Amino acid sequence: MEKSEVDKPCELGNQIFNDITVCLRNSAGGCKQFFYKPSVLEAKSKFFANQLSHPNTSRCLEIQCSEFDFDHHIDFLNSLHLPVDSLLDSWKSVKSALGVLQVAIGLQCEEITQSCVQYLEAIPWEEKEEEEIIRVIPKLGPMAMPILARIRPVDLNATKDVLIAAIRFATSVAGSCPPFGNELKISAQEQVEYMLGEDEETPLLTGDAEVKSEVRRGISNKFSLFQKAIFSLHLESNPTSDTSEGVLQNLTDLEWLCNILPKMDLMRDFVSCWVDISDNILSVMEDSKFDSSMWGLKFKLIEITAKVIDAVGYGSVILPAPQRVQLLKTWLPYIGKMKPLLDSMCDEEMGFPHKMDDDLCQNIEGAIVSLILALPSNDQAEILAEWMENDRLRFPDLSEAFEIWCYRTKSAKRRLVEGGLDTVDNNTISSDLSI
């Protein structure tokens, strides 16, 4: 349309005498006329009431809008004819109601504004609609804010109550929940992990004594369920897939705990429990009846043990030296034995899913070396001697720890004396560190 046509003055249509013509124009040249009794415009819109209050007001009022919101203005102007009790049923979509709301607020129409707010506050939103609402509504002022009620942050106590309830489901403290089975537990685990994501409220939740108490209760419950499951596995002469699946599911839940506990400074509770039951776990898993089966279970044990060794080896969890020695002596031979077995299964079976990949192996080796080097030197010597005497020297590779131990041993007395220690008593140092 030519610019002259766009700027052409509004011509009155076939309206009834004394009607007001509202001429809607958009930036692309679109034009549409609407006819109203003056009393309707004055009652429905403060904007129109103000326009009509001027003595020399034309019988034709022009409204300019963009091409984008042209349809929303049409919906709004059509709605001016509707009685109040019919407005709510006239909105057909979130997009339309949101567009009309912006027009209604701009033209100061309280009835249509309230109707749009009521509709948008109650109707379900799709994800893209929600994002658009969040973008638009804060710009529209207090009248539109009730729309955002469903996504406003709740107070900390309410958040804490929801988190505690989710933790109970996630750690099975609340028991099973038929007919949902594991679905509710898995969903609760996902939401707990999300709620503990980094934001300004996270420290208030992770540091709360009641939340920590519930998590500790969950840790205890999960370890209890795991021990019962693995003991049942031990008792069965021919374990069924259901039994092994139950043990694996409990291990998966323990692994999930490993992901959230560092955020709450509770990893020590997990590590202590794992060290305490490690001997019992391996007494079951090293039964000859499992020599050629339970690969998924064996692999998951290594993954969780890797997280435990990482936490202890790099100092995230502080344990006395005897417990660190126990952890290494328990799991180092098992990991060394399982690595070639799992590799062999990968070679024999196409698509074997339980492979110890390079990242996992490097993480385990690094954490074990760090853990060994933080032990008293006599304990280091004992562990390294056992490692070298073992015929499985391929994994883990402790040569770095051995080299550092050799250097320390050769120069130990000289370095300590130079540091100001007149006499060196290995037994005294070791016993002091083990307290």
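Here is a short chat about the cores and aromatic rings of this predicted model.

Me: What is the mean pLDDT of the chain, to start with?
Reply: Good place to begin, as this is a predicted model. Of the chain's residues, 88% reach a pLDDT of 70 or more. Over residues 1–17 the pLDDT is below 50, though that stretch still has 25 contacts in the model beyond near neighbours in sequence. Residues 431–435 are also below 50, and the mean for the chain is 87.

Me: Which helix gives the most residues to the largest nonpolar core?
Reply: That core has 81 residues, and Phe226, Phe270, Trp274 and Met356 touch the most other members. The top contributor hands over 11 residues and spans 295–313, so to speak the answer is helix α15.

Me: How many residues are in the second core?
Reply: This one is separate from the big set, and its members include Leu24, Leu52, Phe70 and Leu148. Its count is 40 residues.

Me: Are the rings of phenylalanine 47 and phenylalanine 48 stacked or edge-to-face?
Reply: Eight aromatic pairs turn up across the whole structure, and this is one of them. The ring centres are 5.3 Å apart and the planes sit at 70°. Edge-to-face needs an angle over 60 degrees, so this pair is edge-to-face.

Me: Of those two, is phenylalanine 48 buried or exposed?
Reply: Phenylalanine 47 has 27% relative accessibility, so that ring counts as partly exposed. Phenylalanine 48 comes out at 1%. The cut-off for buried is under 20%, so phenylalanine 48 is buried.

Me: How many residues apart in sequence are the parts tied together by phenylalanine 226 and tryptophan 274?
Reply: These two form a stacked pair, 6.4 Å centre to centre with 15° between the planes, and both are buried. Phenylalanine 226 belongs to helix α12 (residues 209–235) and tryptophan 274 to helix α14 (residues 267–285). The pair therefore ties together parts whose separation in sequence is 48 residues.

Me: Which residues does the ring cluster around Trp274 link?
Reply: Leaving aside neighbours within four places in sequence, tryptophan 274 has contacts that include Phe223, Phe226 and Trp331. Ring pairs join these up with others into a cluster. The full set is Phe223, Phe226, Phe270, Trp274, Trp331 and Tyr334.

Me: Which residue has its charged end over the ring of tryptophan 125?
Reply: Elsewhere, lysine 298 lies over the face of tryptophan 295, at 4.4 Å from the ring centre. Over tryptophan 125, the charged end is 3.6 Å from the ring centre, and it belongs to arginine 150.

Terms used. Residues are numbered from 1 along each chain as its sequence is written. This is a predicted model: local features need pLDDT of at least 70, side-chain atom pairs count only at pLDDT 80 or more; totals for chains, interfaces and linings use all residues. Side-chain values use heavy atoms; hydrogens and water are left out. pLDDT is the predictor's confidence in each residue, from 0 to 100. Contact means heavy atoms within 4.5 Å. A nonpolar core is a set of buried Ala, Val, Leu, Ile, Met, Phe, Trp, Tyr and Cys residues joined through side-chain atoms within 4.5 Å. Buried means under 20% relative accessible area, exposed over 50%, partly exposed in between (1.4 Å probe, protein chains only). Helices (H or I, at least four residues) and strands (E, at least two) are DSSP runs, numbered from the N terminus. Rings of Phe, Tyr and Trp (its six-membered ring) pair if their centres lie within 6.5 Å; planes under 30 degrees apart count as stacked, over 60 as edge-to-face and the rest as tilted. A charge sits over a ring if NZ of Lys or CZ of Arg is within 6 Å of the ring centre and within 35 degrees of the ring normal.
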